Amino acid sequence: MIVRLPNRTGDASRQPSGGYVRLFDPLGGTVVRLPWMPDEIETSSVAQAWTQVARPGRVPLLLSQGKNLPVVNLPFRLVNPGQAGHVEGTIAALEKLARSSNPVRLDVASQFRGMYRITNLTKRETHWTADGKVADADITLELTQSSDMVAAVGPIRRKTKKSKKGGIKGRLKNGARSV
């Protein structure tokens, strides 16, 4: 499979650089390895979030809203010349990762970038084989760094009443236990 950026049309002379981009779902076991290093990886939302508060008759006040989660954009073009003839398997694996609620591990050129969640997957099919399978597609992945926060769930309290004999009320009396 050849992965090229969308703005690199007709660039058949590129050779693999030894680098790659890999997305791995450790909980689901799905792995997508794109054997080309992209020319660009755009990262946004790196700085803190700030809010300007108006103060009548005075200079506005700038307050920090906290840190943002970084967002990584990966645009690339999927082409598979001379091999399977179509790229539907890779597209299906990317869609499976995007629909999953699990975070994915992002590796770029064997460097661990962190755990991310796929927040947007855009695909544009540009060429098909004779039997209707996708042979060429422009893909844009938007990955947002996974937060370490977990929704607070309190302890589950059971309201069981114990009998005077020390057992749980409602248990069969003199019942034989199966081992």
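Which residue in E8 is the bridge partner of Phe-24? In the predicted model described here, that partner is Arg-105. The pairing belongs to an antiparallel arrangement of E2 and E8, which are joined by four bridges. The sections below place this contact within the strands, the nonpolar core and the salt bridges of the chain.

The chain contains one helix and 10 strands, arranged along the sequence in the pattern β-β-β-β-β-β-β-α-β-β-β. Of its 179 residues, 28% are classed as buried. Among contacts with a separation of 6 or more, 59% are made by residues 24 or more positions apart. The accessible surface of the chain amounts to about 12600 Å², of which carbon and sulfur atoms contribute 52%.

Strand E2 is also paired with E3, again in the antiparallel sense and through four bridges. Within this pairing, Val-21 has Leu-34 of E3 as its bridge partner. Six residues separate the two strands in the hairpin, where Gly-29 adopts a positive phi near 85°. The side chains of E3 alternate between two faces: Val-32 and Leu-34 are directed to one face and are buried, whereas Val-31 and Arg-33 are directed to the other and are not buried. Leu-34 thus appears both as the bridge partner of Val-21 and as a buried residue of E3.

Strand E8 is mostly covered, with four of its five residues buried. In addition to its bridges with E2, E8 is joined to E9 by five bridges, and these two strands run antiparallel. Leu-106 has Gly-114 of E9 as its bridge partner. The hairpin of E8 and E9 has two residues between the strands, and Ala-109 takes a positive phi near 55° there. A salt bridge connects the side chains of Arg-105 and Asp-107, with an N to O distance of 3.0 Å. The two residues of this pair fall into separate accessibility classes: Arg-105 has a relative accessible area of 30% and is therefore partly exposed, while Asp-107, at 4% relative accessibility, counts as buried.

The largest nonpolar core comprises 23 residues, and those touching the most other members are Leu-23, Leu-74, Phe-76, Ile-139, Leu-141 and Leu-143. Two or more residues of this core are supplied by each of strands E2 (21-24), E3 (31-34), E7 (71-79), E8 (104-108), E9 (111-128) and E10 (134-145), and by helix H1 (88-99). Strand E10 provides the largest share, namely five residues. The surroundings of Ile-139 can be listed in detail. With neighbours within four places in sequence set aside, Ile-139 is in contact with Leu-74, Pro-75, Phe-76, Leu-78, Ile-91, Leu-94, Leu-121, Thr-122 and Lys-123.

Seven salt bridges are present in the structure. One of them joins Asp-136 to Arg-77, with the closest N and O atoms 2.4 Å apart. Because Asp-136 is located in strand E10 and Arg-77 in strand E7, this pair ties together parts of the chain that are 59 residues apart in sequence. Both Asp-136 and Arg-77 are buried.

A further salt bridge is formed by Glu-95 and Lys-123, whose closest N and O atoms lie 2.9 Å apart. This pair also links distant parts of the chain, since Glu-95 belongs to helix H1 and Lys-123 to strand E9, 28 residues apart. Lys-123 has a relative accessible area of 37% and is therefore partly exposed. Glu-95 and Lys-123 are members of a salt-bridge network that also includes Arg-99 and Glu-125. Lys-123 is, in addition, among the residues in contact with Ile-139.

On the surface, a nonpolar patch is formed by Val-53, Leu-61 and Leu-63, which together present about 200 Å² of accessible area. Leu-63 is part of strand E6, which spans residues 61-66. With a relative accessibility of 37%, Leu-63 is classed as partly exposed, because this class lies between the cut-offs of under 20% for buried and over 50% for exposed residues.

Terms used
Residues are numbered from 1 along each chain as its sequence is written. This is a predicted model: local features need pLDDT of at least 70, side-chain atom pairs count only at pLDDT 80 or more; totals for chains, interfaces and linings use all residues. Side-chain values use heavy atoms; hydrogens and water are left out. Patches are made of residues with over 30% relative accessible area and no salt bridge: like charges are joined within 9 Å, nonpolar side chains (Val, Leu, Ile, Met, Phe, Trp, Tyr) within 5 Å. Accessible areas come from the Shrake-Rupley method with a 1.4 Å probe; for residues, only the protein chains shown count as cover. A salt bridge is a side-chain nitrogen of Lys or Arg within 4 Å of a carboxyl oxygen of Asp or Glu. Buried means under 20% relative accessible area, exposed over 50%, partly exposed in between (1.4 Å probe, protein chains only). A nonpolar core is a set of buried Ala, Val, Leu, Ile, Met, Phe, Trp, Tyr and Cys residues joined through side-chain atoms within 4.5 Å. Contact means heavy atoms within 4.5 Å. Two strands pair if DSSP finds at least two bridges between them.
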